[in-house]
Amino acid sequence: MTISQQLVIFIKKKDVNKLSNYGEKIVGSEIIKISQVIKAKQAEGKSILNYTIGDFDSKLNPIPVLLKEKINKYYNEDYTNYPLSAGEMILRNRVSEHLKRKHDIDYSSSEILVGAGVRPLIYTIFKTLVDKGDMVVYPVPSWNNKHYSFLHDALKVEIECKPENNFFFTKDDLVPYIKQATLICICTPQNPTGCVMDKDVLKEICDMIVEENNKRKDIGKKPCYLFFDQIYSELIYDVDYVHPLVLNPGLKDYMVCCDGISKTLCATGVRVGWAFGSERIIKQMTEIFSHIGAWAPKAEQTAVASLLENDEYYDFFIGAKTEDYKEITGSIYNTFQHLKNDGYDVDCIKPQGGIYLSIRIGYSSKFNTMEEFLDFIIDKCGLAIVPFKFFGSKENTDWFRLSIGYVNIKELPQVMKVIGETITTLSSR
């Protein structure tokens, strides 16, 4: 079955067992659907470079050996009962020290909440801060903001961002909404683009939020909060990265952040993440989270705490991975630049961090639908990528995310060959 069939077919039938509004109208992940179709084709023997999912081939990119050893150790020592609701104290203390060491920001253990990865924590952030009808502002393309907004009956404001701004919004973009906004969402390095928000642009936005909240204090109005997703923040290439709290310390009461090990330690399946913010926000998040129960297992939490004790080992692992990612993304970027210089209708933004690249393929407009285009490059070219359309973008329809977690650095020439042949095939269609 083709991707277009997977994505377009909806079975409509009368059902007396009607579900809730969320149950009836929630939209599943288009990315996961694509990945499942590709895996089925690969199982049938078809050769496809699957660069869709934000994950890692665990044989090419295994978790740190020390982390694996520690997880096994703590399971062998029977760390198998419930963890503390807010997260094991040893891990929260280590995260506090880690944030100070890496980002020069101060958060105590009581300002940190640990979860089974970042997703349930993001849901809890929305649940804690967003009421029905509240305005949530976020850029498109971006990951999952539309779904969390839907689940909380928020008033969505999607700001279509431009490639010349590395697909980030600016202070000027936010001006029309700042007086009504309850939550502003920023992820940097960005998923899906692989770009880092310029620190001067970020500072202007942080100053704007603090200034707005100083006005709201006088009239007793609910604040405008910043949700800052920094899950890729330690995978940076040749650009400055400064945390919002460093740029404006007055932001602390109005900001909650997410981070964890899924991307930095290639540990997407280990499921350890953390949120941090003011004690008031985290306290209420912890109460809500206690009912959700999406806790990271005690053995994994304790193992991560042990790893974070070893700064030299941690930094070496991150440094080596970052160099690999920089080489991979740089090679793909250079390939697209060569193709562009040769007159092909393509482009690519120089990668700055994380595990993604923004690539433009103008030839996608030759197809009647995006699904038809995806079917073609998968079946005829053996390449799978994700359109920005699936991240909410309505204008940047010829831009795509390429994820490198499954790229074998030893086979880069073959990867470049497939990319080049794909563009050549498309241009002659």
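Colleague: When do rings count as an aromatic pair?

Modeller: Rings of Phe, Tyr and Trp (its six-membered ring) pair if their centres lie within 6.5 Å. Planes under 30 degrees apart are stacked, over 60 edge-to-face, and the rest tilted. This is a predicted model, where local features need pLDDT of at least 70, side-chain atom pairs count only at pLDDT 80 or more, and totals for chains, interfaces and linings use all residues. Residues are numbered from 1 along each chain as its sequence is written, and side-chain values use heavy atoms, with hydrogens and water left out.

Colleague: How many aromatic pairs does the whole structure hold?

Modeller: A search finds 14. Take Tyr 82 and Trp 295: their ring centres are 5.5 Å apart and their planes sit at 75 degrees, so this pair is edge-to-face.

Colleague: Where do Tyr 82 and Trp 295 lie?

Modeller: Helices (H or I, at least four residues) and strands (E, at least two) are DSSP runs, numbered from the N terminus. Tyr 82 is in the loop between α4 (65-76) and α5 (89-103). Trp 295 is in the loop between α11 (279-292) and α12 (298-309). The pair therefore ties together parts 213 residues apart in sequence.

Colleague: Is Tyr 82 buried or exposed?

Modeller: Buried means under 20% relative accessible area, exposed over 50%, and partly exposed in between (1.4 Å probe, protein chains only). Tyr 82 has 67%, so it counts as exposed. Trp 295, at 24%, is partly exposed.

Colleague: What about Phe 167 and Trp 399?

Modeller: They too form an edge-to-face pair, 5.3 Å centre to centre, with 75 degrees between the planes. Phe 167 lies in the loop between β4 (155-160) and α8 (171-174), and Trp 399 in strand β13 (residues 399-403), so the pair links parts 232 residues apart in sequence. Phe 167 is buried at 0%. Trp 399 is buried at 6%.

Colleague: Which residue lies over the face of Phe 376?

Modeller: A charge sits over a ring if NZ of Lys or CZ of Arg is within 6 Å of the ring centre and within 35 degrees of the ring normal. Arg 429 lies over Phe 376, 5.1 Å from the ring centre. Phe 376 also belongs to an aromatic cluster with Phe 367, Phe 373 and Phe 400.

Colleague: Which strands pair with β10?

Modeller: Two strands pair if DSSP finds at least two bridges between them. β10 runs antiparallel to β9 (residues 346-348) over three bridges, and antiparallel to β13 over five. Val 346 partners Ile 361, while Tyr 356 partners Ser 403.

Colleague: Why is β10 described as largely enclosed?

Modeller: Six of the six residues of β10 (residues 356-361) are buried, so the rest of the structure largely encloses this strand.
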